[in-house]
Amino acid sequence: MAAIALVKIHPAIGIGRIGNSPNEFYIGPEQLGAHSVPKGGYKDPQGRIKRQAARFRLFAYDHNGNLVEELTTKHAHISWSVHLANKKAAWNQFDGLSPNAPLRNAGVTDRNSLIIDPGHRSVSGPNKVAHFDTGRFLGQVVPLGEIRTDRQGRLIVLGGFGHSASPTNTPLTTFANNDGWHDDVSDGPVTATVTLKGNGKTFAAVGAWVICPPPKFAPPIDSIITLYDTLLQVAVDKLGLHLPTKPSFSKDIYPLLRRAINVGWVSGMVTSQHAHATLGAVIPPPASASARLAIFNKLRDPTLLPNQDAGDADMPMIWSDYYTDGKNQPLTRIQYDAMMKWRDGSFIDDWSGPPKPSRKITPEGLDRAALEACVGAAFYPGIEASWLLRDTYKFSEPFRLDATSLEPGDITKQMAVPWQADFYDCSQDGDYAWWPAQRPDDVYPDGSTTQQPWIRQHVNSPTDMVNNWYKLGFVVKKRARYVETERNP
């Protein structure tokens, strides 16, 4: 075995989603193209949502940066440390892309009383547990979850339980900035110390970050612009990452087309649009030049001003960061460039059918699988993270945040408080959708061929969403269809 020179934690950004089942959980996506399907479904026998855990692993590299192997308790003594916090109530109000919005809870002089910060927790060895159960909001304890280790010493991070409340009994009045309210979304750094059993050499692993956001209610459907796409653009723009000259149809074009097609299962507006109905005709490649051109011409040009009318170029059919002054959100420049080359026939035709999910666990695969299940646009404010992650925060390498410039709670502090108010408000809005892959607008109940509103019966107000979010159904794939299941009576 090559000499170990460096140890890194992967995924670089892990996602552990909240849920109100006290004991049952499942591991989030770890392999490219594979969506996590928990045994027994996404809810426990009592109809409570299982938390999605973020699992972190350690990988050793040699002096040339080549991967050596994954490290477990077989190879080393491992000590993990995680620090989760929720800083929403102490941060600025969310006001689009404005960096100068006034404070939330401006009348509260003790700003620390608004920050749910239980401090860091550490675990060493296999099958250990530590709880984030001492953080407080205006004096009231708000648990943020726990960390565990599995039998191999890998780290498992579990977020909060979806509990949102106002100790002051303040009514909900806005989608994002409700004073006197808290939720139990959180984020923070993940670190590890590794001591090899063979030679006793100790490494401080290159750290990672964990985000514990709301559930994703359509797990097998991904957003047209994922958080991986957005942070890939950041890596190219700010870190000098180089991409292949020609896009691959199987790896670059097909996934984008498939995600756009699948949005129709969770958005009645998209289902009704003729342009989306044409996407399947260009699979398999190469399709006709005229068909490729017609689809490309429906894509909004990223170089247009946000408020500039794009005419018939209304795809993707999602709102932009500039709502309501802007139009639809364009693809990332990388995505748009790939589609332009596809239009021109300058792509690698490597089609052999829909790509099969990877069976391998790799560092790069862990990074990508976690981020592809997250929203990359629009950030108004978003679901897992907002525009500070894209526009402001520093990265030490592609997809890995520079933790020296961040504090626990910094990734989620821009998000709506409580998250349920935004989840209620950001449904289908006029011509465009928001995040139907996370928060469906319309669904096909299992056994039905008619789409119905996802929130029907259970939710008619933000307060209803606070109380009844866990009763809503999950969209799963059954043969060739995506249907709503596990909806509480």
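The accessible surface of the protein adds up to about 20,000 Å² (Shrake-Rupley method, 1.4 Å probe), and 51% of that area belongs to carbon and sulfur atoms. This is a predicted model, with local features needing pLDDT of at least 70 and side-chain atom pairs counted only at pLDDT 80 or more, while totals for chains, interfaces and linings use all residues. Residues are numbered from 1 along each chain as its sequence is written, and side-chain values use heavy atoms, with hydrogens and water left out.

On secondary structure, the tally is ten helices and 21 strands (DSSP runs: H or I of at least four residues for helices, E of at least two for strands). The radius of gyration, taken over C-alpha atoms, is 22 Å, close to the 23 Å from the globule rule (2.2 Å times the number of residues to the power 0.38) for 489 residues, so the protein is as compact as a globular protein of that length. Of those 489 residues, 57% count as buried (under 20% relative accessible area, 1.4 Å probe, protein chains only).

Zooming in on one residue, N177 sits in the loop between β12 (155–158) and β13 (186–196). N177 counts as buried because its relative accessibility is 15%. Neighbours within four places in sequence aside, its contacts (heavy atoms within 4.5 Å) are Q93, F94, R104 and V417. With R104, the N177 side chain makes a side-chain polar contact of 2.9 Å (a pair of N or O atoms within 3.5 Å, one able to donate a hydrogen and the other to accept it). As for N105, 72 residues away along the chain, its C-alpha atom is 8.9 Å from that of N177.

Conventions:
Buried means under 20% relative accessible area, exposed over 50%, partly exposed in between (1.4 Å probe, protein chains only).
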